[in-house]
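Colleague: Got a minute to go through this model with me? I'd like to start with the salt bridges, then look at helix packing.

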Amino acid sequence: MSLVGTVVTQSINLALKTTLACILLIGAYFLSPIALRRFVKDKDGNTIPPGPPTRYAYLRKYAERALDSWAKQYGDLFSIWMGSQLFVIISDPQVAKDLFVTNGAIFSSRKRYFMKSQVILRGRAITGSPYGNTWRQHRRLATLALSPKSMEGHADIMDYEAHMLMKALYEESQRGTTPLNTTQATGRYALNNMLILSFGIRTTSLDDPLVAKALRLTMEFMELTGPWANVIDFFEILQYIPTPKKARGHQLYADMVDTYGSMLLQFKTKMLAGEEVPDCLIKTLLENQESEKLDWEDICMLSAVFTLGGVHSVSGMIQWFIATLPSHPEICAKAQEELDRVIGRDRWPTIEDEFNLPYVRAIIKELERLHAPFWNATPHFTTEDFSYKGHYIPKDTVVILNCYTIHHNEIRYPDPFSFNPDRYLDDGLSCNESSKLSDPMARDHWAFGAGRRICPGIQTAERELWLVCSRLLWSFNFKSVPNEPISLEEYDGLSGRTPKPFRVHLTPRFEGVSKILDSAEDVPFYL
């Protein structure tokens with residue numbers, strides 16, 4: 001063999017050996033959980049919870065289905081490695097209470113997801129802040145806008161916005177004669193409520209450019225921040241490589257600052273000019289900016305995420321409500337019989353009627369169980385090593401509340417995939433009250449999270465949903481469009497979830513509906 005041939009052969013052999021070594025190293029890396037679960041222990045010999053034998057780069061859409069399958073295979077507390085990050089998944093109410101509530105001081109922080117926390121939120125806002133003094137400060141300030149006293153002050157406004165939503169649906173459907181897509185109208189309803197709480201302003205029509213812009217920002221945030229969806233969150237080296245998704249994250253941050261920052265500056269200008277401004281979150285933040293040591297970006301992102309979170313959850317739940325009812329005419333009829341008997345047809349339900357309408361309340365609770373806006377809630381993060389019933393949960397572990405599996409627990413919810421409001425008929429508690437029950441198996445559902453990170457807007461969301469859902473049932477009959485099936489399984493979003501686009505017929509139930517709908521006008525105002 002010639003010298004050249006020898007050199008070529010040696011080069012090929014070296015390349016093959018190098019390739020084989022790389023394959024073996026990669027294989028060893030992705031199969032390392034097998035060894036880690038066996039050999040990584042705490043001082044008492046407790047091991048990491050069981051789980052799949054491989055590492056994952058990401059989980060595909062509808063990740064809750066994979067988690068549900070693993071929960072059935074590995075139990076109520078299992079683990080999974082996403083790249084270099086260990087996740088522990090909770091699929092049982094008692095485990096959720098033991099960790100998130102009883103041991104909340106350890107299980108209440110947040111992982112600094114690269115896409116969500118670093119690129120988009122830049123370490124700001126309540127939802128992405130680590131557990132500590134900054135988070136306590138921001139939550140305390142935001143809670144001022146969501147306190148029961150504040151809610152009482154906004155009761156008439158929420159009632160008005162619910163009225164305007166009913167009227168918008170009526171008019172957009174050509175007074176009940178044309179099928180419609182309800183996304184824009186329900187989004188505007190939730191947006192107006194949050195804008196009033198945040199900035200003291202509201203949009204004046206579905207055509208207001210802010211409606212489309214805010215809904216676009218909301219959906220983009222939900223698409224980019226799924227807890228399982230971004231490879232870049234789990235393989236740190238990728239964070240230094242330009243990618244289209246990373247560029248989208250930076251653009252979303254810029255758009256949020258531009259949209260909500262401009263409203264903030266307008267509000268601040270009015271304050272400095274001595275003009276009268278409404279009581280709202282922004283006013284509280286600006287008045288306390290110096291004492292609370294808040295910079296402009298703090299205020300901007302606090303208000304943006306406060307608004308964004310409230311819009312998606314509430315509008316999504318209303319869309320699921322409207323999507324669900326056409327396939328359950330018997331449930332609609334039962335609810336409408338209750339409304340006619342208790343309320344009559346001369347007026348529609350108000351917030352004061354809620355506990356006199358147990359079946360309507362039950363429908364809303366069942367909706368929140370079967371079509372929760374988040375199947376995995378926002379991930380928690382441990383700040384210390386912890387052992388639980390023979391399992392070792394290391395510091396810096398992401399801990400996920402698996403709402404999908406909990407909400408489909410056959411012991412707690414017999415026939416869990418059926419939409420059955422009857423299961424809540426004897427439940428006289430609000431969602432907020434139910435979340436504080438000593439027996440976690442008695443809690444109505446877990447759609448608003450758990451522990452110290454439970455959604456601070458839970459009472460606001462409950463009121464918004466009650467006003468709209470009860471009035472939809474009082475005002476309209478629901479019917480699907482022929483040859484346009486409405487999917488209740490598929491959805492849009494990788495973080496929060498909303499139904500796939502659909503159209504529906506909303507027809508007034510009786511002649512008096514139009515009289516009430518036309519009794520108020522959609523007018524601009526600055527509170």
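Modeller: One term up front: buried means under 20% relative accessible area, exposed over 50%, and partly exposed in between (1.4 Å probe, protein chains only).

Colleague: And what are we working from?

Modeller: This is a predicted model: local features need pLDDT of at least 70, side-chain atom pairs count only at pLDDT 80 or more, and totals for chains, interfaces and linings use all residues. Residues are numbered from 1 along each chain as its sequence is written, and side-chain values use heavy atoms, with hydrogens and water left out.

Colleague: OK. How many salt bridges by your rule?

Modeller: The count comes to 22. The rule is a side-chain nitrogen of Lys or Arg within 4 Å of a carboxyl oxygen of Asp or Glu.

Colleague: Which residue does Asp-159 meet in a salt bridge?

Modeller: Arg-471, at 2.5 Å from N to O. The pair links distant parts of the chain, 312 residues apart: Asp-159 is in helix α8 (residues 155-172) and Arg-471 is in helix α18. Helices here are DSSP runs (H or I, at least four residues), strands are E runs of at least two, and both are numbered from the N terminus.

Colleague: Is Arg-471 buried or exposed?

Modeller: Buried, at 0% relative accessibility. Asp-159 is at 25%, so it counts as partly exposed.

Colleague: What about Arg-509, which acid does it pair with?

Modeller: Asp-340, with the closest N and O atoms 2.8 Å apart. That one is also a link between distant parts of the chain, 169 residues apart. Arg-509 sits in the loop between β11 (504-508) and α19 (512-517), while Asp-340 is in helix α14 (residues 329-342). Arg-509 is buried at 15%, and Asp-340 is partly exposed at 26%. Salt bridges with shared partners also join Asp-340, Arg-345 and Arg-509 into one network.

Colleague: And Lys-500, what does it bridge to?

Modeller: Asp-492, at 3.0 Å from N to O. Lys-500 is partly exposed, with a relative accessible area of 29%.

Colleague: Switching to packing. How do α14 and α15 cross?

Modeller: Their axes come within 8 Å and cross at roughly 140°, with α15 covering residues 358-370. Axes are lines fitted to C-alpha atoms, for helices over the stretch in contact, and angles run from 0 to 180 degrees between N-to-C directions. The two helices are therefore oblique to each other. For the bins, under 35 degrees is roughly parallel, over 145 roughly antiparallel, 65 to 115 roughly perpendicular, and the rest oblique.

Colleague: Which residues make that contact?

Modeller: Ile-331, Lys-334, Ala-335, Glu-338 and Leu-339 of α14, against Pro-358, Tyr-359, Val-360 and Ile-363 of α15. Contact means heavy atoms within 4.5 Å.

Colleague: Where do α9 and α18 stand, what crossing angle?

Modeller: Roughly 140°, with the axes of α9 (residues 183-199) and α18 (residues 458-475) coming within 12 Å. That makes α9 oblique to α18. On the α9 side, Tyr-189, Ala-190, Asn-193 and Leu-197 make the contact, and on the α18 side Thr-460, Glu-464, Leu-467 and Val-468.

Colleague: Last topic, backbone. What is the phi of Lys-293?

Modeller: About 55°, positive although Lys-293 is not a glycine. Lys-293 lies in the loop between α12 (281-287) and α13 (296-324), and is exposed at 71%.

Colleague: And where is Asp-415?

Modeller: In the loop between α16 (403-407) and α17 (431-434). Asp-415 has a positive phi too, near 50°. At 52% relative accessibility, Asp-415 counts as exposed.
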